[in-house]
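Trainee: I'm new to this structure and would love a close look at a single part of it. Could you pick one strand and walk me through its surroundings?

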Amino acid sequence: RVAHPEGDTYRNLDSPQSIVEKLKKWKPRVDLLTFMQPLALALAMVLTVGTFPCFVDWDDWAVVPISTYDFWWTNQADENVRNKVRKAEKNGITVREVAFDANLSRGIWEIYNELPIRQNRPYPHYGKDEDTVYQELATFSDCSVYLGAYLDRELAGFMKLTLDNSGTQLKTMSIGTLSRYRNKAVMNALIRSEEHTSELQSHHD
């Protein structure tokens, strides 16, 4: 039997060893506990201790360290990204932080149910009903930021960013755009706002 924390990667274990000790007394028996550690903590342990007190299996993450938005825009974003962000602006795409409510959830439901196939693969969110979409998007709402990309008043794309409980990692939990606006660089506009949000969050903390 394998156990893992609820909300793993978004809720880190403060004391994994104490959980292990409790699980040793658990019935039915748990054979393996898996959990994700904050990247900064994992790297610090490798550098200072040289190893972990338990078995480690490294995972692949796409990670971008953010100091300031200006540094990202000037030094980390390549020319292609900057051109597409400018294209989105010229096409009338605006991105802003929005409150999570029924209106946002319905807009995201419409994005999910636009096409059953995306990039030649079945789209996993297609066919979900409105209540299911709402319940999924409402998870971790107390520590999440919702970004909406709009063309006039229509939701053309969204991104849900969630801060883990270490306060060091802002992760993309959900993202999507309307395929009919793919020539308007909606995704790039969202990515730009994501980097800006990451900077603001780090300064807030």
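**A strand and its neighbours**

Mentor: Happy to! Let's begin with a pairing: strand β6 and strand β7 (residues 154–163) run antiparallel to each other, joined over eight bridges. Keep in mind as you look around that this is a predicted model. Within that pairing, valine 145 stands opposite leucine 161 of β7. Now follow the chain from β6 into β7: the two strands form a hairpin, with two residues between them. In that turn you will find aspartate 152, which has a positive phi of about 60°.

Next, turn to another partner of β6. Strand β3 (residues 93–98) pairs with β6 in the antiparallel sense too, over six bridges. To find your place in this pairing, look for arginine 96, whose bridge partner in β6 is glycine 148.

With the partners in place, how enclosed is β6 itself? Eight of the eight residues of β6 (residues 144–151) are buried, so the strand is largely enclosed by the rest of the structure. To see how the residues divide up, recall that side chains in a regular strand alternate between the two faces of the sheet. In β6, Ser144, Tyr146, Gly148 and Tyr150 lie on one side, with Val145, Leu147, Ala149 and Leu151 on the other. The residues on both sides are all buried, leaving both faces of β6 covered. That brings two residues you have already met back into view: Gly148, the bridge partner of arginine 96, and Val145, which stands opposite leucine 161.

Technical notes: Residues numbered from 1 in each chain as written. Predicted model: local features only at pLDDT ≥ 70, side-chain atom pairs only at ≥ 80, totals over all residues. Heavy atoms only, no water. Buried < 20%, exposed > 50% of the residue type's maximum accessible area, 1.4 Å probe, protein only. Helix = DSSP H or I, 4+ residues; strand = E, 2+ residues; numbered from the N terminus. Pairing = 2+ DSSP bridges.
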